[in-house]
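The exercises below ask you to work through a protein model by inspecting its strands, its rings and its surface. Each task is followed by a solution that goes step by step.

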Amino acid sequence: MDVSALLTSAGINIALCVVLVSLYSILRKQPANYCVYFGRLLSDGRVKRHDPRWYERFAPSPSWLVKAWETTEDEMLAAAGLDAVVFIRMVICSIRIFSIVAVVCLAFVLPVNYYGQKMEHKEVHLESLGVFTIENLNPRSRWLWVHCLSLYIISSAACALLYFEYKNIAKKRLAHISGSASKPSHFTVLIRAIPQSPDQSYSETVSKYFTNYYAPSYVSHLMVYRDGFIHRLMNETERMCQAIKHISPDLSCNPSLKSCAICGPAATNSFQILSNETDSVKGLELGELTLTTTEEERPVAFVFFKSRYDALVVSEVLQTPNPMLWVADLAPEPHDVHWRNLRIPYRQLWMRRIATLVGAIAFMFVFLFPVAFVQGLTQLPTLSRNFPFLKDLLNRRFMVQIITGYLPSVILVLFFYAVPPLMMYFSTLEGCVSRSLRKKSACLKILYFTIWNVFFVNILSGSVIRQFTVLNSVRDVPAQLAKLVPAQAGFFMTYCFTSGWAGLACEIMQPIGLIWNLIAKVIVKNKEESYETLRFPYHTEIPRLLLFGLLGFTNSVIAPLILPFLLIYFFFAYLIYKNQIINVYITKYESGGQYWPVFHNTTIFSLILSQIIALGFFGLKLSTVASGFTIPLILLTLLFSEYCRKRFAPIFQKYPAEILIAMDRADEMTGKMEEIHNNLKVAYSQIPTCSEESSKAGCTSPCSDQELPDSEELKPEKENLKADYIWEFQRSRSGLDLEVKSCPSASPTCYSPGFAEIYKRT
């Protein structure tokens, strides 16, 4: 690839970014788009809807950049949680590292590469990118010591910055643990693989076991059930609330004076069963509403303890000689629980993990075909020699620049859109018990997939297309990588433009949300100010950030021309991601900063890989001195990685007992323990009263003061469009036709006696 093709790709992506960012600065001012660009602020109720002056609404402005720049770390921590702060620290750390790398390599390495051979240089836009790489040096060149010294400076600066960042993030995590005094997960242990007894239920088995072995610290427990009648009833209630609220924003749930056979004769929190299902209702007496008709127990339970330290001890201790029974782990936060995966038998988990691993590997091999096709486009001259019918295409210079410089990276990025949903599906199949753990698992899968396909497979497939050769042995890996990485430097730069720059522009533009909002407002005619709260896609953005870090390290002394483009990406990522975290994405659950070890370990891997590639190139250039000095650098980097793993990694894996005991003593002195114990069951209730969706639809907690209209008064005969909608909605439901009169309360006593009996048993 020559510089003109690179500039063509850069120009196209710069124009695309300018257009998208300018459109964003205009569209964000339109009141109809507030639900797309201010979802988090709307959910918090901290944004005022206003209609700006006409000339302001249609003029681009950089005010959002200033607000994102001025947002402090403490404000982000209070608004979005520790994970968001850790992600921004990743971007800041990347900026600091690659600022040093860019200064060193552009000031010393790039001139050495450019003037490495005595040759007549062309104009810059006509030069080949190989002139700017280490390939332009002669064998046994005395200037190779510049590359070796630069490698030492880069490695030392990267390790120092990583150490201080790791130390800082570890302090933030400890402060996060000590500052979350009221978290119910600190008192709760998730017990799986409860043994089945023919004489007693799972609930009685759990009560007997923990009363026998942990009597001083055991408080109570709560079983996990299958979806049953009451859960379906709750879903029907919420869907009715949403439907009615969707029609009239003034309507919401209200207590009714009518009673029913489900909720008892109370004057509030009741449902009315219509007459067309009277025969089926007669069979449901209040005393018969037990486990067989409501929920079926699963061998999973949330067990509550008197102190955080007691729960920590139980979660770390092997309960029985059989590790496949009474498996104990600290429970995730209530909002973080993935209830569907709790019903998976524990004995199936290892088989599921193997199956998902095999599926991910198989998908990696399937993905070889689009990557090989992309590499074929970057090697058009080579393909034209093997396939003569392509020679006519290569006669048009601009077409060659588009095909070799822009099209391959675009095609690869489009193919990669299928990767995150599939990897998230694999992580769900694994049986992760929390949503944050599922997202972290998907993040790791996407990271491995991205590094393998974008870096290694592109290099190997390019080698096969260009030379029809593959690696012969493991000993040839450094030398082969040293040969192949400079040849792919142009593709990596164009990928930075397309996936990095254009990806950030699409991220801030939110095209999917914008199109969906347009369909809802124009086609569906939805006049209600509804909005969807999104979660930050850590599982896609962290792998992208780390991939560009890998490309930066591996090309730093090999092809340093990529470094300015990477720095531009990191700077804009800092501003755009801060804006999105502040305005768009809502935090419902988080991992407590557990993404930082992923960033640290991947950065160390990238650093070592760059050292191995440099070692191979020094060997190819027959520089024994440079090769000899590179080997100790690799060993020192491995020792640094091991030290950080011993010093900081355990903080992100376990809770320190010292901090938990101090929190227990503080709560005992202030008298908060009893209140915390009373709220544990409510926090982990499997059947919530009104979900967030129903709250948005008009169901307030515990119940609203506004009364819903009677559906009998809204029959279609009255020529009322709203009546027709509600009537058809009710008649389309299978099973019991229910008239929603109120929102069920969170307290178990507001349910039927049979359901209250379930709570008594647990």
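**Exercise 1. Determine the strand order of the open sheet and describe how its strands are paired.**

Solution. In this predicted model, 4 strands make up an open sheet, and reading across it gives the order E2-E4-E1-E5 with antiparallel pairing. The next step is to find the edges, which are strand E2 (218-225) and strand E5 (327-330), since each of these pairs on one side only. Neighbouring strands of this sheet are, on average and with direction ignored, turned by 25 degrees against each other. To examine one pairing in detail, take strand E1 (residues 188-192), which pairs with E5 in the antiparallel sense over 4 bridges; here Ile191 stands opposite Ala328 in E5.

**Exercise 2. Classify the ring pair of Phe98 and Phe553, and decide whether these residues are buried or exposed.**

Solution. The structure holds 51 aromatic pairs. For Phe98 and Phe553 the ring centres lie 5.0 Å apart and the planes meet at 50 degrees, so the pair is classed as tilted. Placing the partners in the chain, one finds Phe98 in helix H7 (residues 82-114) and Phe553 in helix H24 (residues 538-555), so that the pair links distant parts of the chain, 455 residues apart. Because buried means under 20% relative accessible area, Phe98 is buried at 2%, and Phe553, also at 2%, counts as buried.

**Exercise 3. Repeat the analysis for Tyr166 and Phe652.**

Solution. The centre-to-centre distance is 5.7 Å and the planes are 55 degrees apart, which is a tilted aromatic pair. Tyr166 belongs to helix H8 (residues 144-179), whereas Phe652 sits in the loop between helix H27 (624-647) and helix H28 (657-670), so the pair ties together parts that are 486 residues apart in sequence. Both Tyr166 and Phe652 are buried.

**Exercise 4. Identify the residues of the nonpolar surface patch and the helices that supply them.**

Solution. Leu357, Ile361, Phe365, Leu368, Trp452 and Leu460 make a nonpolar surface patch of about 530 Å². At least two of its residues come from each of helix H14 (349-366) and helix H20 (435-467), and H14 gives the most, with 3 residues. Leu368 is located in helix H15 (residues 368-378), and its relative accessibility of 31% is why this residue counts as partly exposed. As a last step, Trp452 of the patch can be followed into a cluster linked by ring pairs, whose members include Phe455, Phe456, Phe98 and Phe553.

Definitions and conventions: Residues are numbered from 1 along each chain as its sequence is written. This is a predicted model: local features need pLDDT of at least 70, side-chain atom pairs count only at pLDDT 80 or more; totals for chains, interfaces and linings use all residues. Side-chain values use heavy atoms; hydrogens and water are left out. Patches are made of residues with over 30% relative accessible area and no salt bridge: like charges are joined within 9 Å, nonpolar side chains (Val, Leu, Ile, Met, Phe, Trp, Tyr) within 5 Å. Accessible areas come from the Shrake-Rupley method with a 1.4 Å probe; for residues, only the protein chains shown count as cover. A salt bridge is a side-chain nitrogen of Lys or Arg within 4 Å of a carboxyl oxygen of Asp or Glu. Buried means under 20% relative accessible area, exposed over 50%, partly exposed in between (1.4 Å probe, protein chains only). Rings of Phe, Tyr and Trp (its six-membered ring) pair if their centres lie within 6.5 Å; planes under 30 degrees apart count as stacked, over 60 as edge-to-face and the rest as tilted. Two strands pair if DSSP finds at least two bridges between them. Axes are lines fitted to C-alpha atoms, for helices over the stretch in contact, and angles run from 0 to 180 degrees between N-to-C directions.
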